[in-house]
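Subject: Handover of a structure and the findings on it

Dear colleague,

Please find below the sequence and structure that I am handing over to you. I would be grateful if you could read the notes beneath with the structure open.

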Amino acid sequence: MSDTIKLDTSQAPRSSLVNCLRRGICEITYEDRHGEQHTAMCTLRRAHMEEEKKHDWIDHEYDADILVLWDMNGDDWKGGAWLQVPISRIVHFEQLTGVRQ
């Protein structure tokens, strides 16, 4: 059984969330603006991103309270897509791969 890392997003600094996303794939559950929960498999590890979309995150507005993530299943037709999630709306954050032993 592999190890995972669960983070409490109300306590963990933004940099810890970003580091987990850069190391591997994370399962993130968040609430949208209507209160519905969504789960996404996300990363910032380039090896998991589509080559032609690696730099598209630059098109997203930057805000310290928002994570811009690569949702590996974000587009049913084309594969992944960039996703913006306010940190305050994340209810579950778990790093699944790339966990250091």
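The notes below go from the overall layout to the core, the helix and an aromatic pair.

This is a predicted model, in which local features need pLDDT of at least 70 and side-chain atom pairs count only at pLDDT 80 or more, while totals for chains, interfaces and linings use all residues. Residues are numbered from 1 along each chain as its sequence is written, and side-chain values use heavy atoms, with hydrogens and water left out.

Overall layout. The protein chain has 1 helix and 6 strands (DSSP runs numbered from the N terminus, with helices being H or I of at least four residues and strands E of at least two). Read from the N terminus, their order is β-α-β-β-β-β-β. Of the 101 residues, 35% are buried (under 20% relative accessible area, against over 50% for exposed and in between for partly exposed, with a 1.4 Å probe and protein chains only). Among contacts (heavy atoms within 4.5 Å) with a separation of 6 or more, 55% are between residues 24 or more positions apart.

The core. The largest nonpolar core (buried Ala, Val, Leu, Ile, Met, Phe, Trp, Tyr and Cys residues joined through side-chain atoms within 4.5 Å) holds 17 residues, and Leu-21, Ile-28, Leu-67, Leu-69 and Phe-93 have the most contacts inside it. Two or more residues each come from α1 (14-23), β2 (26-31), β3 (37-43), β4 (66-75), β5 (79-86) and β6 (90-95). The element that gives the most is α1, with 4 residues. Leaving aside residues up to four places away in sequence, Phe-93 touches residues including Ile-5, Leu-7, Leu-17, Leu-21 and Ile-28.

The helix. In α1, the buried residues are Leu-17, Val-18, Cys-20 and Leu-21. They lie on the same side of α1, because their arc around the axis is only 160 degrees (taken from the directions from the helix axis to the C-beta atoms). These buried residues pack against β2, β3, β4 and β6.

The aromatic pair. The structure contains 1 aromatic pair (rings of Phe, Tyr and Trp, the last by its six-membered ring, with centres within 6.5 Å; planes under 30 degrees apart are stacked, over 60 edge-to-face and the rest tilted). The ring centres of Trp-70 and Trp-82 are 5.3 Å apart and their planes stand at 70 degrees, so the pair is edge-to-face. Trp-70 belongs to strand β4 and Trp-82 to strand β5, 12 residues apart, and the pair thereby links distant parts of the chain. Both Trp-70 and Trp-82 are buried.

Yours sincerely
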